[in-house]
Amino acid sequence: MTSGDENNINTPSSSHDSEPSPSHSLLSASDIRSEEDCELSFVKRLDLSGTSIGSNGTQFIASALIHNITLEELDLSNCHIGPSGFNAIAELIEKNNTIKRINLHGNLCTSEASKQLSRALQTGDHHLISLDISCCHLTSCGMSSLNLAVQSVNENRLLSPHQPKLEMITYGN
């Protein structure tokens with residue numbers, strides 16, 4: 001593993017039979033059987049994009065990351081996540097204050113799940129600067145709720161000049 005990649009975990013995008021290159025740390029669902037097996041305390045970037053972990057896998061990953069103090073980026077784009085997975089992400093946002101970027105592009109976010117995310121954004125002690133919910137099939141009510149939450153977060157951050165604005169990426173909804 002090279003020094004620049006030692007804090008990244010990526011999943012292979014094509015075949016699970018392919019050999020990992022020396023420059024990537026790979027983690028697959030078969031590597032983790034319980035939360036105790038899931039030692040993620042060194043990870044800065046976790047990319048599970050394009051995997052089919054679904055809501056159950058998302059709940060597992062989110063619970064394993066709640067107390068993590070190193071993760072800054074989480075990519076769960078196109079992972080077949082539904083409402084219960086979004087609720088787990090909302091809890092993660094509320095309880096983890098080191099994650100800066102979350103990509104949920106291409107998953108299914110219901111109105112209720114978007115309300116949970118909105119509450120988490122407004123009440124959590126998070127340091128998110130980017131939340132990608134593009135192509136998540138948001139309703140106008142869900143989008144409105146999230147827009148208000150982001151606006152509230154950014155208004156509060158005006159009082160702390162060291163805290164950057166939160167950007168929500170929403171194209172294709």
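**Figure 1. Contacts across the whole chain of the predicted model.** Among contacts between residues at least 6 apart in sequence, 79% join residues at least 24 apart. The chain has 173 residues, of which 45% are buried. Its accessible surface comes to about 9,000 Å², and carbon and sulfur atoms account for 50% of that surface.

**Figure 2. Order of helices and strands along the chain.** The chain contains four helices and six strands. Read along the sequence, these elements follow the pattern β-β-α-β-α-β-α-β-α-β.

**Figure 3. Length of helix 2, residues 83–95.** Helix 2 has 13 residues, and at 1.5 Å a residue these should span 18 Å. The C-alpha atoms at the two ends of helix 2 are 19 Å apart, which agrees with the expected span.

**Figure 4. Buried residues of helix 2 and their cover.** The buried residues of helix 2 are G85, F86, A88, I89, A90, L92 and I93. An α-helix has 3.6 residues a turn, so residues three or four places apart point the same way. Which elements help to cover the buried residues of helix 2? Among them are two helices, helix 1 (54–65) and helix 3 (111–123), together with strand 3 (73–75) and strand 4 (101–103).

**Figure 5. Surroundings of L76 in the loop between strand 3 and helix 2.** Is L76 buried or exposed? L76 has a relative accessible area of 1%; residues under 20% count as buried, and therefore L76 is buried. Leaving aside neighbours within four places in sequence, L76 is in contact with L48, I53, T58, I81, I89, N103, L104 and N107. One of these partners, I89, is also listed among the buried residues of helix 2. Another partner, T58, lies 18 residues from L76 along the chain, and the C-alpha atoms of the two are separated by 8.2 Å.

**Figure 6. Surroundings of G82 in the loop between strand 3 and helix 2.** G82 has a relative accessible area of 11%, and because this value is under the 20% limit, G82 is buried. Which residues does G82 touch, not counting residues up to four places away in sequence? The residues concerned are S55 and L108. S55 and G82 are 27 residues apart along the chain, while their C-alpha atoms are separated by 5.5 Å.

Notes
Residues numbered from 1 in each chain as written. Predicted model: local features only at pLDDT ≥ 70, side-chain atom pairs only at ≥ 80, totals over all residues. Heavy atoms only, no water. Expected span 1.5 Å × (residues − 1). Buried < 20%, exposed > 50% of the residue type's maximum accessible area, 1.4 Å probe, protein only. Contact = heavy atoms within 4.5 Å. Areas by Shrake-Rupley, 256 points an atom, 1.4 Å probe, with all protein chains shown as cover.
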